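Take a look at the structure below. The text after it walks through some charged pairs and one helix contact.

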Amino acid sequence: MLNEWGEAQAAAFFSAYQHVPFDKIYTSDLKRTHQTVRGFIRLGIPHESYSGLNEISWGDREGREPNTGDNNYYRGLVNAWKAGNVELAAEGGESPLDVRERQIPVIDAILSRPHERNILIAMHGRAMRVLLTTLFNQPLVRMDDYEHSNLCLYKINYSYDTQQFELEVSNDITHLLSIEIPQTI
């Protein structure tokens with residue numbers, strides 16, 4: 001579920017990009033991505049969801065309120081991935097390599113539809129970083145080279161002639177700058 005801040009971010013994103021003539025929306029199977037693009041779906045834009053776009057499974061620590069021990073665990077896991085151990089899975093969860101393997105069939109499905117020229121994909125931070133390394137034929141150890149903010153925009157072009165992706169815009173959050181942060185007293 002999106003919290004109040006997430007709802008405000010989704011509304012700002014919709015306000016900024018509702019004029020874009022999207023042919024299709026792709027989301028993960030997780031509820032918050034559907035909520036994030038709800039405004040576009042209400043416009044009648046066709047929508048499909050795929051578990052292959054889901055966030056990495058953090059396993060035994062999924063959904064827990066982070067504590068110092070969890071933060072240290074996540075930091076150690078990410079550092080291991082940066083060092084090349086991309087087969088290392090979170091306890092009871094997935095590795096970046098697992099995520100890449102489940103994303104590839106989704107990428108293939110999307111690319112098999114060249115008539116869908118403008119698409120919107122809503123997914124999650126770590127999974128997005130994995131996707132970007134895949135699209136740009138980079139090793140998974142480079143996934144943290146891609147900065148990611150909640151509800152940021154990446155604009156990516158694909159050429160069917162060269163079969164190459166081009167990153168036009170990265171981690172753009174200008175659409176979020178108008179959101180007022182609630183003041184606490």
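Arg-129 and Asp-144 form a salt bridge in this predicted model. Their closest N and O atoms are 3.7 Å apart. Where do the two residues sit? Arg-129 lies in helix α6, while Asp-144 belongs to the loop between α6 and β4 (153-159). The pair therefore ties together parts that are 15 residues apart in sequence. Is each partner buried or exposed? Arg-129 has a relative accessible area of 17%. That is under 20%, so Arg-129 counts as buried. Asp-144 has a relative accessible area of 23%, and is partly exposed.

Now turn to Asp-145. Its side chain meets that of Arg-142 in a salt bridge, at 2.4 Å from N to O. Asp-145 is partly exposed, with a relative accessible area of 47%. Arg-142 is partly exposed too, at 36%.

Next comes Glu-94. Which residue does Glu-94 pair with? Its salt-bridge partner is Arg-102, and the closest N and O atoms are 2.8 Å apart. Glu-94 has 16% relative accessibility. Arg-102 has 19%. Buried means under 20%, so both residues of this pair count as buried.

Why can such pairs form? Side chains of opposite charge can pair when their charged atoms come close.

Salt bridges can also link up. Lys-24, Glu-48, Arg-113 and Glu-116 are joined in a network of them. How many salt bridges are there in the whole structure? A search finds 11.

Go back to helix α6, where Arg-129 lies. Helix α6 covers residues 125-135, and helix α5 covers residues 96-111. How do the two helices meet? Their axes come within 9 Å. They cross at roughly 65°. The crossing is right-handed.

Which residues make this contact? From α5 come Pro-96, Val-99, Arg-100, Gln-103, Ile-104 and Ile-107. From α6 come Ala-127, Val-130, Leu-131, Thr-133, Thr-134 and Leu-135. By class, eight of the contact residues are nonpolar, three are polar and one is charged. Among the nonpolar ones are Ile-104 of α5 and Leu-131 of α6. The charged one is Arg-100 of α5.

Two kinds of link thus meet the eye around α6. One is the salt bridge from Arg-129 to Asp-144. The other is the contact of α6 with α5, with its eight nonpolar residues.

Definitions and conventions: Residues numbered from 1 in each chain as written. Predicted model: local features only at pLDDT ≥ 70, side-chain atom pairs only at ≥ 80, totals over all residues. Heavy atoms only, no water. Axes fitted to C-alpha atoms, helices over the stretch in contact; angles between N-to-C directions. Helix = DSSP H or I, 4+ residues; strand = E, 2+ residues; numbered from the N terminus. Left-handed = near helix turned anticlockwise from the far one by under 90°. Contact = heavy atoms within 4.5 Å. Salt bridge = Lys/Arg side-chain N within 4 Å of Asp/Glu carboxyl O. Buried < 20%, exposed > 50% of the residue type's maximum accessible area, 1.4 Å probe, protein only.
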